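Colleague: I should like to go through the terms used for this model and ask what each of them rests on. Please set every value against its definition.

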Amino acid sequence: MALLTVQNLSKKYQNKTAVHNVSFSFPHGKCIALIGPNGAGKTTILRTLAGLLSPTSGTIQFENKKSNTDVRGMIGYLPQYPVFHGWMTGKEFLVYSGELALLPKSEAKHRADELLERIGISKEASKERISRYSGGMKQRLGIAQAIIHKPMLLILDEPVSSLDPIGRREVLTLMEELKQEMSILFSTHILSDADEISDELLLLRQGEIVEAGAMQELRQKYQTAKIEIGFEHSLEDYKGKIEAIPEVNESKIDRDILHVTASDIAIARQKILAAAAKENWPLTTFTINRASLEDMFMKVVSN
Ligand SMILES: Nc1ncnc2c1ncn2[C@@H]1O[C@H](COP(=O)(O)OP(=O)(O)OP(=O)(O)O)[C@@H](O)[C@H]1O
């Protein structure tokens, strides 16, 4: 059975539908990325799963729990814009978070020490005020507070979007380690981050899931390719010849490169190269370009 099953989840704010009929199930031990452009409804879904918003309709069912059970103990949550008490030290903040999660004080202290080591905040740094921490340190501290009570599901809202490259790398490395121990659902609009650490993607557009699956499956499904051909001269002359090949859809000139799309790239390549060899075309370059992840994303979310 799945850890979490979401069925027909919808959320309206006054007259604005932010999330519409979203259904998915979350298997145990997976890291899933919720991807979508600004305003797609990512935060609304995550806040609803974390129990901070109530859905307008639909159900969220945790494994073996009645739908009205308080499941906050099973979930850890880091909001998109976490707010810290800058005057607290990192350790004080974690002990405080542990107590809020109903851990006895001694256990909260023990967990805080364990987690500070885990997230790479030294003993000295843990005694400093949070206001002196870097963005990456704050975000790692935010993740530590979210897992202080050992939740089964960790929910992270845009965990790396606001960080510089060093902070981003630190947080991605931590997430990579944590996914060995718990299920993670995180939102992002950065595809390469999702590609790097998630097992599966949920693509969201205007409050609806428009695509779901493993990155590899989605790449195959949306795979398109383009041939880019450079000529020494007379591009126009060869454009017509290339367009006469039945498998070629269209070609466009951009400076000294001809961009060719085809219904069957392998055959189009074979025929273009055969004609080029036979007629000694003045080629300078010949490249096959696979569609990037961004191309796939644009295709799916802008339909
Ligand atoms: N409290 C609110 N009241 C009214 N509308 C809201 C509220 N919160 C969000 N919305 C609207 O709901 C839609 C979804 O917002 P949401 O924040 O969930 O999207 P998002 O995908 O997380 O966006 P972003 O990437 O910009 O954080 C947006 O159109 C937003 O303007």
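Modeller: The mean pLDDT of the protein chain is 90, and 97% of its residues reach 70 or more; pLDDT is the predictor's confidence in each residue, on a scale from 0 to 100. This is a predicted model, in which local features need pLDDT of at least 70 and side-chain atom pairs count only at pLDDT 80 or more, while totals for chains, interfaces and linings use all residues. Residues are numbered from 1 along each chain as its sequence is written. The model scores ipTM 0.96 and pTM 0.81.

Colleague: Which elements have the lowest and the highest mean pLDDT?

Modeller: Helix α11 (residues 293–301) has the lowest, 72, and strand β6 (residues 153–157) the highest, 96. Where pLDDT is low, predicted coordinates should not be read in detail.

Colleague: What makes a run of residues a helix or a strand, and how many of each are there?

Modeller: Both are DSSP runs numbered from the N terminus: helices are H or I over at least four residues, strands E over at least two. By that rule the protein chain has eleven helices and 13 strands.

Colleague: Why is the protein chain called more spread out than a compact globule?

Modeller: The globule rule is 2.2 Å times the number of residues to the power 0.38, and the radius of gyration is taken over C-alpha atoms. For 303 residues the rule gives 19 Å, whereas the radius of gyration is 25 Å, well over that value, so the chain is more spread out than a compact globule. Its C-alpha trace spans about 80 × 45 × 35 Å along the principal axes.

Colleague: What are the domains, and how far apart are their C-alpha centres?

Modeller: The bounds come from an automatic or database domain assignment, which gives domain 1 (4–220) and domain 2 (224–301). Their C-alpha centres lie 44 Å apart. Eleven residues of domain 1 are in contact with six of domain 2, contact being C-beta atoms, placed from the backbone, within 7 Å. On the side of domain 1 that touches domain 2, α7 (191–197) gives the most, with three residues.

Colleague: Why is Ala214 called partly exposed?

Modeller: A residue is buried with 20 or more other C-beta atoms within 10 Å of its own, exposed with 12 or fewer, and partly exposed in between, the C-beta atoms being placed from the backbone. Ala214 has 13 C-beta neighbours inside 10 Å, and therefore counts as partly exposed. Ala214 is found in the loop between β9 and α8. Leaving aside neighbours within four places in sequence, Ala214 is in contact with Asp199 and Glu200.

Colleague: Which residues of helix α2 are buried, and what do they pack against?

Modeller: In α2 (residues 90–100) they are Gly90, Lys91, Phe93, Leu94, Val95, Ser97 and Gly98. These pack against α3 (105–118), α4 (123–126) and α5 (135–146). Over the protein chain, buried residues make up 33% of the 303.

Colleague: What makes a residue part of the shell around the ligand?

Modeller: Its C-beta atom, placed from the backbone, must lie within 6 Å of the molecule. There are 13 such residues, the closest being Tyr13, Ala18, Lys42, Thr43 and Thr44. The largest share, three residues, comes from α1. The shell divides into three nonpolar, eight polar and two charged residues; Ala, Val, Leu, Ile, Met, Phe, Trp, Tyr, Cys and Pro count as nonpolar, Asp, Glu, Lys and Arg as charged, and the others, Gly among them, as polar.

Key
Two residues are in contact if their C-beta atoms, placed from the backbone, lie within 7 Å.
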